[in-house]
Amino acid sequence: MKLLIVEDEKELSDSIVSYLRTANYICEVASRFNDAIARIENYEYDCIVLDIGLPDGSGLNLLKELKDNYKNEGVIILSAKNSIDDRITGLNMGADDYLSKPFHLPELSARIAAIIRRKKFTGNNHIIFHEIDIDTLGKQVRIQDQPVELTKKEYQLLVYFIANKGKVISKNAIAMHLWGDEMESPGNYDFIYTHIKNLRKKLEDFGCGAYIRSLYGMGYKFSEP
Amino acid sequence: MKLQSAYNRGVIVAALVALFAGGVADYFLIRYALLHQLDEALKVEEQEIIDHVRINKSLPSPSRYRDQRIYFLETSAPVQRTFRSIHVYDSVEQESAVIRELDFPVNAGGKSYKATVIKSQTETEDLISWILAATGLVLLLLLAILFAANRFFLKNLWMPLYRTVNFLQGFKVSNPNVFSKTHTNIDEFNALNEAVGSMTGKVVQDFHSLKAFADNASHEMQTPLAIIHSKMDLLIQDEQLHATHADQLQSMYDAVNKLTRLNQSLLLLAKIENDQFATKETVYVNEICHQKMVQLEDFVFSKKITTKQSLMPLCISINRILAEILTLNLLNNAIRHNHEGGMISISTSSDSLVVANTGVVTALSEKILFDRFSKAGRSDGSGLGLTIVKRICELNHIDVKYSYHNQMHQIILLFPESIRCAVDSIKSL
């Protein structure tokens, strides 16, 4: 999958590229408005990560360009402003998602995966990881072809894990993903542990390998055993 | 008291004093003048008598008229020339009267006499009374006119001032009305308006630049925070990290999270001040409470907190996002400051919302509770949650209070009539 990262802050774009490259995305970076326009005109991408706070022209204009040229790339907007107006404008102008800074890289990764799924495999949105088969349209999970009942949070966790497979995900990131802005920094993350424990048990009950590993003090990792 | 009343009061007191003093002076002056006139008349008689004696070498005959009497008394004692006023009883008229008497010595035919000329002073006294009455009436009339004129002129005169005061009272830095410097005839008011105009202009300007600065500062902070977040997300991929590093990383994550949250709270407060949440709609507070409790159930569960909900329909007109933030902050606060196995009780009535929680066993200071950044006891929140609650309440005229009752910390919100709406009985749960 090919991604274009439009971000003028080099440290940030470096981090994003670092993380996504190891998830087997091919990443290109444009740090200027004109640069980005040139790339979009000449190449095709599966998803574009767009920072609308560009110094030399708002990213929203870029979005307009994309739509004017009937480009079909998925676009996720990054913004430092967390302004509702921006969010609505962006989505109305055809962006597929909106993420406000600061964000967790696993979060960005999961959202990119979701956008690509929606854009590419219309009608056949399945995530397959070994014996796990997730139907993202119907929100059904089957393990070894047996249907598995998951709670909403367990389902979201599983999708999140698989989208970031092979990566260490911090407890913070998981909490932010499941509870979003509602959550204030809690004293401890026990409540996450409960959900993960339940998910693990269900996976193992249905014959999965032990994919979910907990890493002391840091977080969790979903990978081959 | 009002300027007009104070001014009138002063004027009336001064007028009354003047009236009184004037009246008194008037009385004495008139009295003196009239009496003097009377005495002159007496002196005329005196002169006539003396002339008569000089020419005729004998006394004229005593006379007795209605308003004048002259008689002579032979006496050997020395006589002083004196003017006197005497109260007598007039047997004819059957009433008391006043007379003015002039005694003087006169010699005629080798004998010494005391001549007495008497004139009635009653008419004079009557005259004085009439004059006083007339003067008093005129003065009262003057007073009344003065009073009425005062009222009328004052009102109009001070109108520019009242306009300026009105403007200042309604002035809000975040949403200023334009001050129309209407030109008046009065220099002082023009000067005042000039000063008010320039001062408010400057205040608004300063406010905007400060706000812009705060806004920009907060926005600028988002990017470095994003960088830190992203670097840490990358850092933890290295599984060679020693266990102690893991602990430090977790602390770093928490600290950065807190910083992020703090920044977002500040931005939120700025937006609230900036009136960016102006659109209002009908909101059922009880429904929002219910939704938020569902969202927070994991946290409640992990802290083994029991909840009690009594949610009567409560419908108000408010910005929906602010209502959600308000409720969320109150509930988060109740969870955070609770102890393990504690209790939270939420209740809504037709005009109030009460969120109560167990926690620290002593009552908290209400002032500190809502103060920015104050933290009652240990907690990991950013401290701004309740400040935001308070600000939202202030903007929507909601009364918010804290009380410690039955070992529960209660935060009580009272919604005034002005923002309540009729409960749609079909819609209410």
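This report describes aromatic pairs, lysine–ring contacts and one buried histidine in a predicted model.

**Aromatic pairs**

Over all chains, a search of the whole structure yields nine aromatic pairs. One of them joins F129(A) and F222(A): the ring centres are 5.1 Å apart and the planes stand at 55°, so the pair is tilted. F129(A) belongs to strand β6 (residues 126-129) of chain A and F222(A) to strand β12 (residues 219-222) of chain A, so this pair ties together parts that are 93 residues apart in sequence. F129(A) is buried, with a relative accessible area of 5%, and F222(A) is buried at 0%.

F222(A) also forms a tilted aromatic pair with Y211(A), at 5.5 Å centre to centre and 45° between the planes. Y211(A) is in the loop between α8 (190-205) and β11 (212-215) of chain A, whereas F222(A) is in strand β12 of chain A, so the pair connects parts that are eleven residues apart in sequence. Y211(A) and F222(A) are both buried. Through ring pairs, F129(A), F161(A), Y211(A) and F222(A) are linked into a cluster.

**Lysines over tyrosine faces**

Two lysine–tyrosine arrangements in chain A are listed below.

| Lysine | Ring | Distance from the ring centre |
|---|---|---|
| K2(A) | Y45(A) | 5.1 Å |
| K167(A) | Y19(A) | 4.4 Å |

**H229(B)**

H229(B) is part of helix α3 (residues 187-235) of chain B. Its relative accessible area is 3%, under the 20% cut-off, so H229(B) counts as buried. Leaving aside residues up to four places away in sequence, H229(B) touches P102(A), F103(A) and H104(A) in chain A, together with V256(B), N257(B) and T260(B) in chain B.

Terms used:
Residues are numbered from 1 along each chain as its sequence is written. Chains are lettered from A and ligands numbered from 1 in the order in which they are written. This is a predicted model: local features need pLDDT of at least 70, side-chain atom pairs count only at pLDDT 80 or more; totals for chains, interfaces and linings use all residues. Side-chain values use heavy atoms; hydrogens and water are left out. Helices (H or I, at least four residues) and strands (E, at least two) are DSSP runs, numbered from the N terminus. Buried means under 20% relative accessible area, exposed over 50%, partly exposed in between (1.4 Å probe, protein chains only). Contact means heavy atoms within 4.5 Å. Rings of Phe, Tyr and Trp (its six-membered ring) pair if their centres lie within 6.5 Å; planes under 30 degrees apart count as stacked, over 60 as edge-to-face and the rest as tilted. A charge sits over a ring if NZ of Lys or CZ of Arg is within 6 Å of the ring centre and within 35 degrees of the ring normal.
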